[in-house]
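Colleague: Could you take me through one part of this model up close, the patch of nonpolar side chains on the surface? I'm new to this, so please start with the overall picture and then work your way in.

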Amino acid sequence: MADHGPILDARTRLRLGLQLQALYEPVLDEVLDPRLAELLQQLEKDRGTTDAG
C-alpha cells in the first residue's frame with residue numbers, strides 16, 4: 001500500500017480551515033475590477049454556447 005503522507009485529525013483540519021477562511025475572507029469581499037467582470041461574463045456566455053452546441 002502506498003504512503004500518502006500524514007493524515008490530519010479532525011481538530012487540525014478544523015483549525016486549518018478556519019485559518020484559511022480568515023486569510024481569504026477579505027479577498028472575497030473585494031470589488032472585482034469591472035473589466036475582469038466583463039471578461040468573466042463573456043467567458044461564461046461562450047461556454048454556454050459551446051456546451052449547447
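Modeller: Sure, let's start with the whole chain. Its secondary structure comes to two helices and zero strands. The radius of gyration is 19 Å, well over the 10 Å that the globule rule gives for 53 residues, so the chain is more spread out than a compact globule. Keep in mind that this is a predicted model. If you draw a box around the C-alpha atoms along the principal axes, you get roughly 45 × 35 × 15 Å.

How much of the chain counts as buried? Of the 53 residues, 0% do. The accessible surface adds up to about 5,400 Å², and 59% of that belongs to carbon and sulfur atoms.

Now for the part you asked about. The nonpolar surface patch covers about 560 Å² and is made by Leu8, Leu16, Leu20, Leu23, Tyr24 and Val27. Let's pick out two of its members. Leu23 sits in helix H1, which runs over residues 10–28. Is Leu23 buried or exposed? Its relative accessibility is 54%, and because the cut-off for exposed is over 50%, Leu23 counts as exposed. Leu16 is in helix H1 too, but its relative accessible area is 40%, so Leu16 counts as partly exposed.

Leu16 is also handy for getting a feel for distances. From its C-alpha to that of Ala37 you cross 30 Å in space, with the two residues 21 apart in sequence. You can try a similar check with Gln19 and Leu36: they are 17 residues apart along the chain, and their C-alpha atoms are separated by 28 Å. Leu36 belongs to helix H2. With a relative accessible area of 40%, Leu36 is partly exposed.

While we're at helix H2, have a look at the charges. The structure holds one salt bridge, and it joins the side chains of Glu38 and Arg35, with 3.1 Å from N to O. Both residues lie in helix H2 (residues 34–52), three residues apart, which is about one turn of the helix. What about their exposure? Glu38 is partly exposed, at a relative accessible area of 47%, and Arg35 counts as partly exposed as well, at 47% relative accessibility.

Over the whole chain there are 6 positive and 10 negative side chains, and the centres of those two sets lie 5 Å apart.

So, back to your patch: Leu16 and Leu23 are two of the residues that make it, with Leu16 partly exposed and Leu23 exposed.

Notes
Residues numbered from 1 in each chain as written. Predicted model: local features only at pLDDT ≥ 70, side-chain atom pairs only at ≥ 80, totals over all residues. Heavy atoms only, no water. Patch = residues over 30% accessible without salt bridge, like charges linked within 9 Å, V, L, I, M, F, W, Y side chains within 5 Å. Areas by Shrake-Rupley, 256 points an atom, 1.4 Å probe, with all protein chains shown as cover. Salt bridge = Lys/Arg side-chain N within 4 Å of Asp/Glu carboxyl O. Helix = DSSP H or I, 4+ residues; strand = E, 2+ residues; numbered from the N terminus. Buried < 20%, exposed > 50% of the residue type's maximum accessible area, 1.4 Å probe, protein only. Rg over C-alpha atoms; globule rule 2.2 N^0.38 Å. Lys, Arg positive; Asp, Glu negative; His and termini not counted. Charge placed at Lys NZ, Arg CZ, Asp CG, Glu CD.
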